[in-house]
Amino acid sequence: MTIVLAVVGLACGFAVAGGVFALISMLGIIPRMADRFGLAAYTYQMETVIVLGGTAGSILTVYEPKVPFGIVFLAVAGLLAGVYVGAFAMALAEVLKVIPILCMRSKLQYGIAVIITSMALGKGLGALYQLYISGAK
């Protein structure tokens, strides 16, 4: 029974990962993000690193190994993960034209930088609230 569950879990994981990477590929998020950062020549390498990072993250989530690098490593890893998620979210928003549609519908002409900064601060403060206040019970 354990082997059957392991095979089903592995197959489901492959299906979900394939769906996520297909969504990322179909929307063209990685090439657009590479173009925005001036790294269009390294698009293939960026895609490879993202797939490897997703695989490593999945393995770390399942097996939860002890990492003896200390609090500094944890802070740097958390910062890099946050930068990646923020850049990915903004690239997704740009691909889906969320911000231009928001500005057009609200007839906003000035203050777009304030709105984007407010969104980033709200995301950061919400994460801190979840980690330190609501999760500290």
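User: What makes a helix crossing left-handed or right-handed?
Analyst: A crossing is left-handed if the near helix is turned anticlockwise from the far one by less than a right angle, and right-handed if it is turned clockwise. Please keep in mind that the structure above is a predicted model.

User: Then which kind of crossing does α2 make with α3?
Analyst: Helix α2 passes α3 in a right-handed crossing.

User: And at what angle do those two pack?
Analyst: The angle between α2, residues 29–36, and α3, residues 43–63, is about 120°, and their axes lie 10 Å apart. The two helices are therefore oblique to each other, because the angle falls outside the ranges for roughly parallel, roughly antiparallel and roughly perpendicular.

User: Which residues make the contact?
Analyst: Helix α2 contributes Ile30, Pro31 and Ala34, while α3 contributes Thr43, Met46, Glu47 and Ile50. By character, five of the residues in this contact are nonpolar, one is polar and one is charged.

User: Thr43 is in that list. Is it buried or exposed?
Analyst: Thr43 is buried, because its relative accessible area is 16% and the cut-off for buried is under 20%. Thr43 belongs to helix α3. Apart from neighbours within four places in sequence, Thr43 is in contact with Ile30, Pro31 and Ala34.

User: What about the largest nonpolar core, which residues are in it?
Analyst: That core has nine residues: Ile24, Ile29, Ile30, Met33, Ala34, Met46, Ile50, Phe88 and Ala91. Two or more residues each come from α2, α3 and α4, the last of these spanning 70–95. The most come from α2, which gives four.

User: Why would such residues gather like that?
Analyst: In soluble globular proteins, nonpolar side chains tend to be buried together.

User: New topic: what is unusual about the phi of Glu64?
Analyst: Glu64 has a positive phi of about 45°, although it is not a glycine. Most residues other than glycine have a negative phi.

User: Where is Glu64, and is it buried or exposed?
Analyst: Glu64 sits in the loop between α3 and α4. Glu64 is exposed, because its relative accessible area of 63% is over the 50% cut-off.

User: Last one: where is Met104, and is it buried or exposed?
Analyst: Met104 lies in helix α5, residues 98–105, and is exposed, with a relative accessible area of 60%.

User: How many residues separate Met104 from Ala75, and how many Å?
Analyst: Met104 and Ala75 are 29 residues apart in sequence and 39 Å apart in space, C-alpha to C-alpha.

Definitions and conventions: Residues are numbered from 1 along each chain as its sequence is written. This is a predicted model: local features need pLDDT of at least 70, side-chain atom pairs count only at pLDDT 80 or more; totals for chains, interfaces and linings use all residues. Side-chain values use heavy atoms; hydrogens and water are left out. Axes are lines fitted to C-alpha atoms, for helices over the stretch in contact, and angles run from 0 to 180 degrees between N-to-C directions. Angles under 35 degrees count as roughly parallel, over 145 as roughly antiparallel, 65 to 115 as roughly perpendicular and the rest as oblique. Contact means heavy atoms within 4.5 Å. Ala, Val, Leu, Ile, Met, Phe, Trp, Tyr, Cys and Pro count as nonpolar, Asp, Glu, Lys and Arg as charged, and the others, Gly among them, as polar. A nonpolar core is a set of buried Ala, Val, Leu, Ile, Met, Phe, Trp, Tyr and Cys residues joined through side-chain atoms within 4.5 Å. Buried means under 20% relative accessible area, exposed over 50%, partly exposed in between (1.4 Å probe, protein chains only).
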